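Biologist: Before we discuss particular assignments, may I see the model to which they refer?

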Amino acid sequence: MGVIKYLVGLLLFSLFACSGPVDVGPGLAKVSHQFSEAMRWRDYLGAAHFLQQDLRSTFLEQFQNDEDLYIVESRIVNINLNKADGTAEADYLLEYYRLPSSRVKKWRWLQQWQLCREKITQPGIWQIKNAPPPLP
């Protein structure tokens, strides 16, 4: 009789545990905003942590040593979230100028975000999975 109560309790626990919302960690809106802020303040090392590991060195090569690059505005314009497969597309806009010019230019990067989870019981981490296009 004790085994049956245990199994029924375990079944009820698993039903209720699976019916609640899955913890996906910080939302994409918050994470993408943090990426934008890192870019705005030229914290390229901080911004690189939002990219998948294999893309970070390419990203840093493009931005970190460009001492003439000045960021005017950095923001996510739009996010299309696909909750079913844990992916999203974010339209990122960077407004900048590069010395000696003072002309402000706009650069867009359609970012592909992926929710990465090591374990189903832990919250996921959103990361960018595509490299940025060249900055003119």
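The exchange below sets several assignments against their criteria.

Modeller: Please bear in mind that this is a predicted model.

Biologist: Why are β1 and β4 called the edges of the sheet?

Modeller: The open sheet has 4 strands in the order β1-β2-β3-β4, with antiparallel pairing. β1 (69–82) and β4 (125–128) each have a single partner strand, so one side of each lacks a neighbour in the sheet. From one strand to the next, the twist averages 30°.

Biologist: What makes β1 and strand β2 a pair?

Modeller: Pairing requires at least two bridges. β1 and β2 (residues 87–98) are joined in the antiparallel sense over 12 bridges, so the criterion is met. Opposite Glu 73 stands Glu 95 in β2.

Biologist: Which helices lie on the sheet?

Modeller: Helix α2 (residues 28–40) lies across β1, β2, β3 (105–116) and β4, at about 165° to β1. Helix α4 (residues 56–63) also packs on the sheet, touching β1, β2, β3 and β4, and its direction makes about 160° with that of β3.

Biologist: Why does Asn 130 count as buried?

Modeller: Asn 130 lies in the segment after β4. Buried means under 20% relative accessible area; Asn 130 has 19% relative accessibility, and therefore counts as buried.

Biologist: What does the side chain of Asn 130 reach, and how do you know that these are polar contacts?

Modeller: The side chain of Asn 130 reaches the backbone oxygen of Leu 110 at 3.0 Å and the backbone nitrogen of Gln 112 at 2.7 Å. The cut-off for a pair of N or O atoms is within 3.5 Å, so both distances satisfy it.

Key:
Residues numbered from 1 in each chain as written. Predicted model: local features only at pLDDT ≥ 70, side-chain atom pairs only at ≥ 80, totals over all residues. Heavy atoms only, no water. Helix = DSSP H or I, 4+ residues; strand = E, 2+ residues; numbered from the N terminus. Axes fitted to C-alpha atoms, helices over the stretch in contact; angles between N-to-C directions. Contact = heavy atoms within 4.5 Å. Buried < 20%, exposed > 50% of the residue type's maximum accessible area, 1.4 Å probe, protein only. Polar contact = N/O pair within 3.5 Å; in protein donor to acceptor, adjacent residues only side chain to side chain.
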